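Student: I would like to work through this model with you. Can we take it step by step?
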Amino acid sequence: MPHIRIRDLQKHFGDVAVIAGLDLDLADKEFTVLVGPSGCGKSTTLRMIAGLEEASHGEIWIGDREVSRLEPKDRDIAMVFQDYALYPHMDVARNMSFALRLARYPKAEIDARIRRVADMLSIGHLLDRKPAALSGGQRQRVAMGRALVRDAAVFLFDEPLSNLDAKLRNQMRAELALMRKRVEKNMIYVTHDQIEAMTLADRIVVMHAGRVQQQGRPEDLYRAPANLFVAGFIGAPPMNFLPVRLDSREGQPVLLGRDYTLPVPPSRMAALASYVGRDLVAGLRPSALRQGKGPAGAPALTLHIELAEYIGAHSVLVTRCGGERVIVEVNSEQRLAGEGEQPFWFDPDSLHLFDPETEAAIR
Amino acid sequence: MPSRQGLNRATPYLFLAPAAAVALVGLVYPMLRSVWLSFHEWSIGTPPESARFVGLENYRWLLADDSFWISVGVTITFATAVVVLEVVLGVALALVLDRDLRGTSLFRTIFILPMMIAPIVVGLIWRFLYNEQFGPLSQALKALGLPGIPWLSSPDMALVSVIIADVWQWTPFIFILALAALQGLPASAIEAARIDGATRWQTTLYIKLPLIAPVIAVAALLRLIDAFKVLEVIYILTEGGPGLSTEILSLHIYKTAFVSQQLGRASALSNLLLLIVLVLTVLLVLARSLREGRAGKE
Ligand SMILES: Nc1ncnc2c1ncn2[C@@H]1O[C@H](COP(=O)(O)OP(=O)(O)OP(=O)(O)O)[C@@H](O)[C@H]1O
Ligand SMILES: [Mg+2]
């Protein structure tokens, strides 16, 4: 079965290394999402897999074929472009059937497929329109349909929802999530949007500065980010980072901040043995902090609430802890009246620790 | 007082008025004058008052004149041949040179030079090239041991030769427009075609050509209109000969006006030429809008 294997893929534009050695292993029928900040090389990676951009170095395997020197048409790939890339002179039906007509599918088969995919994307009533007569969201779906009628080994999506308004985007995301259960195919999906990434992905690949920072299931990335970048990138609002120093107090290791002291989670004692006396970064998710007095022995923080933002089911508290800004997410139901200094607590195991030099997580 | 609404409606015409005035003086007046003249008999050098009204006599005479019909035939043959050849060659070259390879920009520049040469000079260049004793073409044939070609001296060959000269000069026109159109095509649509499994040739046939077709159609129309009016190059190469074999309409008009000095008949001829070009233009515009109408409904 066509799993995808990428080995030491590199791309240089002149002296600039945009992709500096990428290794990926994607299982068959997996929905893989590439995320990362703008300019980190997501599109370039996708275009190299598609064959639209030549790799400077490395291998791309689809199933048991090495494809990195093949023309796009010989790679057995379908792609949804970020800017739709519809054929302006063809109506929707002809846009969608172009690949099938080139491959000389029988007409009845082509019609059946177009009808099925068009129904799935609710664009059945648009089949005889030219792209110029469609709205952005409709074009987006046509672009999607053009890829989905095909029998490709791999489907590539480059930020396919990026140009939609929030409502259409949610609706399309739901359609995609449903669809990906029905069409079990290899999909690689590029997005900036973490909600898309978290909801759609079997596997998320976080890219930054031309390298893979971490890959894995969405919940693994959320629970155990491998480094500071991933910790700050996955999760919204982003993780709070507090500078601390690992010290000993009365024989017990503690994390000393400027105006706060945190206990060391027992599960992390061993890993931290060599860090005594050194600076660390402690990470706490906004949702890990609970207001009030916790159970005995639970680590506590006193936060100075500066602002409470009500955003529906949740409220976001902007607080200060010493010199650091700390964001807290609370359930709006439990929103406590209260300003100024308030006690908060958290589960010791929800504390993340990072080495500030290597930026890697310490576990 | 005009209503606001009325004022708004009149405003666009107000802005168009200066242009309309210029068009009236520069275009409509000469055309009307030419129509007026075609109903008269008048010779160069005599005062306009001496022109004699003859009604449709000039037209009747023309339509009965064999040399007119021969000239129409030559013109249509010439115009069709040059437009077809120029479109095919120009588009083909644009397709070949539409890529970023080393040297293509130099080649493009060299290639559009013929278009920038004054027509008179083009005529002189080709007269030299076609010279049957010492022209380079004849010399080359001789060196290869091949028989000479009567470039300009045989009636059949002469028409071919003037067609070649025109194609040489004006293929670049189609070429640059086609190239500009190709380079303006959405790169992503072409990438999409590659992903959809199209070969280079299929991409050209199904994506690139249909997308640049409107530009090519306009360019071809411009060339067609121009080909009906071409004068200088043929005048210098053949003066319409041998016999009437290359006497296209504009040359026929020129000769009627300045050799036979029959300005009335020349005007009648010009009007007929104008009519032909007008009909062609309308036909092409109609054909295009019809096709678009059908495509829209499809
Ligand atoms: N043709 C090129 N020449 C030079 N640099 C390029 C070229 N194409 C892309 N780059 C650079 O490569 C980097 C990665 O680009 P890429 O389009 O892959 O980013 P991305 O991750 O898709 O970003 P975004 O999320 O904004 O779409 C960018 O810094 C960009 O400036
Ligand atoms: Mg991109």
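Tutor: Start with a cut-off: buried means under 20% relative accessible area, exposed means over 50%, and partly exposed lies in between. Keep in mind that this is a predicted model.

Student: Is Glu306(A) buried, exposed or partly exposed?
Tutor: The relative accessibility of Glu306(A) is 38%. Partly exposed is the class between under 20% and over 50%. Glu306(A) therefore counts as partly exposed.

Student: Which residue meets Glu306(A) in a salt bridge, and in which strand does the partner sit?
Tutor: The side chain of Glu306(A) meets that of Arg325(A), at 3.8 Å from N to O. The pair links distant parts of the chain, 19 residues apart. Glu306(A) is in strand β16 (residues 300-310) of chain A. The partner is Arg325(A), in strand β18 (residues 324-331) of chain A.

Student: Is Arg325(A) buried, exposed or partly exposed?
Tutor: Its relative accessible area is 46%. That value falls between the two cut-offs, under 20% and over 50%, so Arg325(A) is partly exposed.

Student: Where is Arg217(A), and which residue forms a salt bridge with Arg217(A)?
Tutor: Arg217(A) lies in the loop between β10 (211-216) and α7 (218-223) of chain A. Arg217(A) is partly exposed, with a relative accessible area of 43%. In the salt bridge, the closest N and O atoms are 3.1 Å apart, and the partner is Asp220(A).

Student: Is Asp220(A) buried, exposed or partly exposed?
Tutor: Asp220(A) has 29% relative accessibility. The cut-off for buried is under 20%. Asp220(A) counts as partly exposed.

Student: What separates the C-alpha atoms of Arg217(A) and Tyr275(A)?
Tutor: Along the chain, the two residues are 58 residues apart. In space, their C-alpha atoms are separated by 30 Å.

Student: How many salt bridges are there between chain A and chain B?
Tutor: Over all chains, the whole structure has 22 salt bridges. One example between the chains joins Glu191(B) to Arg47(A), with the closest N and O atoms 2.8 Å apart. Arg47(A) also forms a salt bridge with Glu53(A), at 3.1 Å. Between chain A and chain B, the count is three.

Student: What area is buried between chain A and chain B?
Tutor: The contact takes 26 residues from chain A and 18 residues from chain B. Carbon and sulfur atoms give 60% of the buried area. The total is about 1900 Å².

Student: Which three residues supply the most of the area that chain A buries against chain B?
Tutor: Together they supply 27% of that area. This is more than any other three residues. They are Lys73(A), His89(A) and Leu102(A).

Student: Why do the buried residues of α6(B) lie on the same side?
Tutor: Those residues are Val122(B), Gly123(B), Trp126(B) and Tyr130(B). They cover an arc of only 100 degrees around the axis, which puts them on the same side of α6(B). In general, an α-helix has 3.6 residues a turn, so residues three or four places apart point the same way. The value that settles the matter is the arc of 100 degrees.

Student: What do these buried residues pack against?
Tutor: The partners are four helices of chain B. They are α5 (113-116), α7 (136-143), α8 (155-183) and α11 (232-237).

Student: What should helix α6 of chain B span?
Tutor: The helix has 12 residues, 119-130. The expected span is 1.5 Å times one less than the number of residues. The end C-alpha atoms are 16 Å apart, which agrees with the expected 16 Å.

Student: Which residues touch the most other members of the largest nonpolar core?
Tutor: That core has 103 residues. The three that touch the most other members are Leu156(A), Ile188(A) and Phe78(B).

Student: Is Ser71(B) buried or exposed?
Tutor: Ser71(B) is found in helix α3 (residues 66-97) of chain B. Beyond its neighbours within four places in sequence, Ser71(B) is in contact with Glu247(B), Ile248(B), Leu249(B) and His252(B). Its relative accessibility is 1%, so Ser71(B) counts as buried.

Definitions and conventions
Residues numbered from 1 in each chain as written. Chains lettered and ligands numbered in written order. Predicted model: local features only at pLDDT ≥ 70, side-chain atom pairs only at ≥ 80, totals over all residues. Heavy atoms only, no water. Helix = DSSP H or I, 4+ residues; strand = E, 2+ residues; numbered from the N terminus. Buried < 20%, exposed > 50% of the residue type's maximum accessible area, 1.4 Å probe, protein only. Arc of directions from axis to C-beta. Contact = heavy atoms within 4.5 Å. Core = buried A, V, L, I, M, F, W, Y, C linked by side-chain atoms within 4.5 Å. Buried area = accessible area lost by both parts, 1.4 Å probe. Salt bridge = Lys/Arg side-chain N within 4 Å of Asp/Glu carboxyl O.
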